[in-house]
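Visitor: I have a structure to look at and a handful of questions about it. Could you walk me through it?

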Amino acid sequence: MSYSDFLNAIKAQDHEGIPVWFMRQAGRYMPEFSQIRNGRSIREMCKDPETVAHITELPVRKLGVDAAIIFHDILLPLEAMGLRVEYGKDGPSVRSNVMDLMARGKFFEYSKENDNYPLPESIHKFREGNPGVPLIGFSGGPITLASYIISEKRDGDLSLVRRMIHNEPQRFLEILRILTEMIIDFSKAQLRAGVSVIQIFDSWAGYLSGDMFSKIYSSYLREISAELTGLAPTIYFSTGTWHVQSVLEELGFDYLSVDWRRDILSYSNAIKESLGIQGNLDPALAASDLNVVKAEVMRIANGMKWKNNYIFNLGHGVPQFGSENILKEIVREVHSVTR
Ligand code: 1CP
């Protein structure tokens, strides 16, 4: 592993090897995760800094990745805004009707005093035990969080969100505003506690139309990047957003995380050099024939090694069926390529 390669790459500074980490690198695909979890829910785990620090360091220790990402979830801070979040077998859901809460003034601005998760303590705990390891903090993106709030669970293709944008634009903008303020405050709290980078996970942004994205949504993202610029490097992750490519490049984030559908080699040549790129191995390869995986890792790593501000990652999170051994091999292969 090379922590300095990660810290240099994220700032577009010279370095030797290509840094690598994986979105959702700490999760159920890892046998030790279940042991540490010991039957607890993610909500319970995230209330215990010792557990969070322990899970956060697992992939660094076991896979040899160059950065850790603090173990938390994008939906947990919503609890400090008056919403009830539950994690069931079919994924997370928000057990509150936001319209009703808004009508009663019970959907309120995030404040860390209302946040019952000791995330700063967890960050300190990780830092104490892992000096020098780059730690990534994160938040969900406004539209991705809105999709869980408006439909009370993940809104497949954002159809409920899109209906609201058409029919109740003021309501929708009010929700985006309050979420944007949360994202800024929540990210700054993580930076104060000691994370080195902020990634915005906007997994479902690609379901917005080009017009919705550029005319309505992009200003909220620009506000987030502007608030964080100068405090830490920022990464914006989204999927299926090729139709708003030129808008993405002007959002003000230092890096764009690219999903597996795009040809990263031609993409990296088409964008301005100052913009960093992260990605984009197909997550389906996290459990495939080793020779097939290696060939694809080599194609991407060799094709991208010219770029100072490039970080290897998957095109989305590690799937539940991911294999620890394959991920370890991917890290080894990426590290064998020098620039
Ligand atoms: O790398 C890491 O493990 C860091 C921790 C992390 C991150 C970065 C978790 C833990 N969640 C996330 C981000 C997250 N959460 C995103 C953005 C990235 C992505 O698209 O995968 C999203 C959309 C969520 C919402 C969420 N929380 C989902 C996705 C469900 C859906 O609608 O498709 C899920 C399954 C969760 C629960 C969750 N979050 C994290 C874990 C380990 C779990 C599983 C907990 C459990 O079920 O017990």
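Visitor: How many cavities of 30 Å³ or more are there?
Guide: Happy to start there, with the note that this is a predicted model. A cavity here is a set of points where a 1.4 Å probe fits but cannot get out. With 30 Å³ as the lower limit, the count is one.

Visitor: Which residues are the closest to the centre of the largest cavity?
Guide: The volume of the largest cavity is about 100 Å³. At least two lining residues come from each of β6, α11 (245–249) and β7 (255–257). The lining has 14 residues, and the closest to the centre are T241, S257, V258, D259 and R262.

Visitor: Is I271 buried or exposed?
Guide: You will find I271 in the loop between α12 (264–270) and β8 (276–281). Leaving out residues up to four places away in sequence, I271 touches Q245, E249 and I277. Its relative accessible area is 8%. Buried means under 20%, so I271 is buried.

Visitor: How far apart in space are I271 and S246?
Guide: In sequence, I271 and S246 are 25 residues apart. From C-alpha to C-alpha, the distance in space is 8.8 Å.

Visitor: What is the strand order of the open sheet?
Guide: This sheet has seven strands, with parallel pairing. Its edge strands, each pairing on one side only, are β1 (68–69) and β9 (310–314). Read across, the order is β1-β4-β5-β6-β7-β8-β9.

Visitor: Which residue in β6 is the bridge partner of I200?
Guide: Strand β5 covers residues 197–202 and strand β6 covers residues 234–238. The two pair in the parallel sense over five bridges. The partner of I200 in β6 is Y236.

Visitor: At about what angle does helix α7 run to β5?
Guide: Helix α7 takes in residues 142–151. It lies across β4 (135–140) and β5. To β5, the helix runs at about 50°.

Visitor: How many of the residues of β9 are buried?
Guide: Let's take the two faces of β9 in turn. On one side Y310, F312 and L314 are buried, and on the other I311 and N313 are buried. β9 is largely enclosed by the rest of the structure, because the buried count is five of the five residues.

Visitor: In β9, which residue is the bridge partner of N280?
Guide: β8 and β9 pair in the parallel sense over five bridges. For N280, the partner in β9 is N313.

Visitor: Which helix gives the most to the largest nonpolar core?
Guide: This core has 122 residues, and F312 is among those with the most contacts inside it, as are F22, L78, F107, F213, Y236 and I330. Beyond its neighbours within four places in sequence, F312 is in contact with residues including W21, L281, V297 and I330. The helix that gives the most to the core, with 11 residues, is α9 (residues 169–193).

Visitor: Which residues are the closest to the centre of the largest pocket?
Guide: The space in the largest pocket comes to about 1,600 Å³. Two or more lining residues come from each of α2 (31–37), α3 (42–45), β2 (85–88) and β3 (91–94). Of the 47 lining residues, the closest to the centre are R24, R28, D73, P92 and Y148.

Visitor: Which residue in β3 does V85 stand opposite?
Guide: A hairpin joins β2 to β3 through two residues. The two strands pair in the antiparallel sense over four bridges. Opposite V85 in β3 stands V94.

Note on methods
Residues numbered from 1 in each chain as written. Predicted model: local features only at pLDDT ≥ 70, side-chain atom pairs only at ≥ 80, totals over all residues. Heavy atoms only, no water. Pairing = 2+ DSSP bridges. Contact = heavy atoms within 4.5 Å. Axes fitted to C-alpha atoms, helices over the stretch in contact; angles between N-to-C directions. Core = buried A, V, L, I, M, F, W, Y, C linked by side-chain atoms within 4.5 Å. Buried < 20%, exposed > 50% of the residue type's maximum accessible area, 1.4 Å probe, protein only. 1 Å grid on protein atoms, 1.4 Å probe; cavity = no way out; pocket = protein on both sides within 12 Å on 5 of 7 lines; lining within 4 Å. Points joined across faces, edges and corners; volume = space filled by probe spheres on them.
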